Amino acid sequence: MIKHPANQLHSTSGYPGLFSLPVLVGALGFFVDIFDLLLFSIVRKPSLASLGLSPEEILHSGELIISVQMVGLTLGGILWGIMGDKKGRLSVLFGSILLYSLANLANGMVQTVPQYVLVRFLAGLGLAGELGASITLVTEMLPAQRRGLAATIIASTGVAGALVAYLVYNATQDWRLCYYIGGGLGILLLLLRARMSESGLYHEVKSSQVRRGDFWMLFNNRDRFLRYAKGVLIGFPVWFVIGVLITFSDQFGKDMGIEGIDTAKAIFYQYIDIGLGDISAGLLSNYLRSRKKALAVFYVILVISITLYFLQSLGWGNQTTMYWICAAMGFGSGISVLYITMSAEQFGTNLRATTAISIPNLVRGLLPLILIFQRLLMQITHSYLKAGMIAACFVMIASAWALYTTRETFGKDMDFIES
């Protein structure tokens with residue numbers, strides 16, 4: 001890492017405020033991002049049933065579609081991340097929003113499972129760029145003491161997207177209309193993006209001869225690779241909870257003897273508390289002056305709530321306890337923006353977008369692997385429930401190790417490059 005002598009962040013004067021355009025647009029962008037990203041989990045069963053699938057086909061097709069969507073997110077995270085460092089953060093915001101908006105409009109017209117798979121792949125590809133690019137801009141434009149609070153604003157606004165998606169579907173009972181609304185919101189967001197400007201730190205690096213957006217730089221240096229891999233593992237519990245324990249809570253509930261679990265309702269409860277968790281995590285990070293300590297506190301909450309989730313199999317669980325535990329897991333997993341901010345703070349300006357955009361999408365992209373891992377465990381244990389328990393233990397142990405061994409980034413100066 002090489003330090004730039006200019007632009008040291010000694011005070012907050014001359015920097016955008018907490019409610020400046022970059023923060024507000026990032027918050028609204030995350031709102032639309034989450035609305036579109038979680039929409040499939042909410043409408044999975046009714047949308048696939050309307051295509052004529054049986055309950056068993058709905059389960060398998062649902063796993064396929066969400067896995068393909070996550071593959072799109074993974075590839076998109078790498079592509080948009082490289083573009084963010086080579087062409088600028090704003091180019092990513094424009095391109096990614098346009099792609100996922102058009103994909104969601106097309107999603108409202110699908111008639112077959114292969115069509116559904118294709119448009120969710122394209123939607124995933126587009127959704128990959130939104131949040132990481134916004135966080136990159138905010139971390140570069142705001143002083144150190146405001147970055148965590150700005151991330152809190154973005155997170156608390158963004159998670160409302162899942163709540164609105166649930167309420168819209170509940171009110172309309174029309175999954176196609178929900179996709180049209182999601183696509184329309186994205187198109188409207190493009191109008192706000194047109195007023196934003198690029199960060200000064202990126203302009204400095206762009207005018208130099210520094211290598212920008214070189215993805216392979218993450219693998220040709222041991223220290224850099226470990227920083228990157230740990231960033232992925234730290235965020236892994238978030239999407240394990242969302243993509244496995246919540247999305248398939250109806251199946252887990254059935255194995256626990258709890259019938260009638262509504263996945264959309266479980267997501268609604270979870271995201272109410274994810275919003276509270278994101279606010280609390282950001283404020284706690286600022287209070288403790290530590291990203292690591294705040295994340296560790298939320299890991300403990302997550303471990304306790306996941307344990308209670310599986311302990312329902314002992315016979316005391318019911319629909320009410322399931323929804324409350326989903327809410328508790330939501331609070332514990334309310335660390336998305338905090339760990340993405342930490343990822344952005346770990347890397348220099350010439351690789352910041354590449355890492356901040358690709359890390360959260362690799363986190364999401366690990367979901368198909370964990371679903372495959374869980375399927376293999378099912379063949380060994382002959383139990384969907386036991387397979388989920390083992391997978392949960394694996395995820396939390398790996399993530400705890402990554403957090404413990406990673407570097408603290410609170411208050412870190414963003415004016416440096418990777419050599």
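## Exercises on pockets, cavities and ring contacts

By class, seven nonpolar residues, one polar residue and no charged residues make up the lining of the second largest pocket; here Ala, Val, Leu, Ile, Met, Phe, Trp, Tyr, Cys and Pro count as nonpolar, Asp, Glu, Lys and Arg as charged, and the others, Gly among them, as polar. The structure is a predicted model, in which local features need pLDDT of at least 70 and side-chain atom pairs count only at pLDDT 80 or more, while totals for chains, interfaces and linings use all residues. Residues are numbered from 1 along each chain as its sequence is written, and side-chain values use heavy atoms, with hydrogens and water left out.

**Exercise 1.** Determine which residues line the second largest pocket and which elements give two or more residues to its lining.

*Solution.* Step 1: fix the term. On a 1 Å grid over the protein atoms alone, a pocket is an open set of points with protein on both sides within 12 Å along at least five of seven lines, a cavity is a set of points where a 1.4 Å probe fits but cannot get out, and lining residues have an atom within 4 Å of a point. Step 2: list the lining, which consists of Val303, Ile306, Thr307, Phe310, Met389, Ala392, Cys393 and Met396. Step 3: assign the elements; helix 13 (291-311) and helix 17 (384-405) give two or more residues to this lining. Helices (H or I, at least four residues) are DSSP runs, numbered from the N terminus. Step 4: state the volume, about 170 Å³ for the second largest pocket, where a volume is the space filled by probe spheres set on the points, and grid points are joined across faces, edges and corners.

**Exercise 2.** Describe the largest pocket by volume, central residues and class of lining.

*Solution.* Step 1: the largest pocket contains about 310 Å³ of space. Step 2: it is lined by 15 residues, and Lys45, Pro55, Asp250, Gln251 and Lys254 are the closest to its centre. Step 3: at least two lining residues come from each of helix 1, helix 2 (55-86) and helix 11 (249-255), with helix 2 giving the largest share, four residues. Step 4: the lining has six nonpolar, three polar and six charged residues.

**Exercise 3.** Characterise the two largest cavities.

*Solution.* Step 1: the structure holds three cavities of 30 Å³ or more. Step 2: the largest cavity has a volume of about 120 Å³. Of its 17 lining residues, Phe30, Ile34, Val238, Trp239 and Ser336 lie nearest its centre. The elements giving two or more residues to this lining are helix 1 (21-50), helix 10 (222-246), helix 12 (263-288), helix 15 (336-346) and helix 16 (352-381). By class, the lining of the largest cavity has 13 nonpolar, two polar and two charged residues. Step 3: the second largest cavity holds about 60 Å³. Its lining comprises Arg227, Lys230, Gly231, Ile234, Tyr339, Met342, Ser343, Gln346 and Thr406, and helix 10 and helix 15 each supply at least two of the residues. Three of these lining residues are nonpolar, four polar and two charged.

**Exercise 4.** Find how many aromatic pairs the structure has, and analyse the pair of Phe40 and Tyr116.

*Solution.* Step 1: apply the criterion, in which rings of Phe, Tyr and Trp (its six-membered ring) pair if their centres lie within 6.5 Å; planes under 30 degrees apart count as stacked, over 60 as edge-to-face and the rest as tilted. Step 2: the whole structure gives 19 such pairs. Step 3: Phe40 and Tyr116 are edge-to-face, at 5.6 Å centre to centre and 80° between the planes. Step 4: Phe40 belongs to helix 1 and Tyr116 to helix 4 (residues 113-127), so the pair ties together parts that are 76 residues apart in sequence. Step 5: Phe40 counts as buried at 1% relative accessibility, and Tyr116 is buried at 0%; buried means under 20% relative accessible area, exposed over 50%, and partly exposed in between (1.4 Å probe, protein chains only).

**Exercise 5.** Identify the charged end that sits over the ring of Trp401, and establish how many disulfides the structure has.

*Solution.* Step 1: a charge sits over a ring if NZ of Lys or CZ of Arg is within 6 Å of the ring centre and within 35 degrees of the ring normal. Step 2: the charged end of Lys230 sits over the ring of Trp401, 5.6 Å from its centre. Lys230 also lines the second largest cavity. Step 3: with a disulfide taken as a pair of cysteine sulfur atoms within 2.5 Å, the search finds zero disulfides. Step 4: for Cys393, the nearest cysteine sulfur, that of Cys326, is 18 Å away. Cys393 is partly exposed, with a relative accessible area of 48%.
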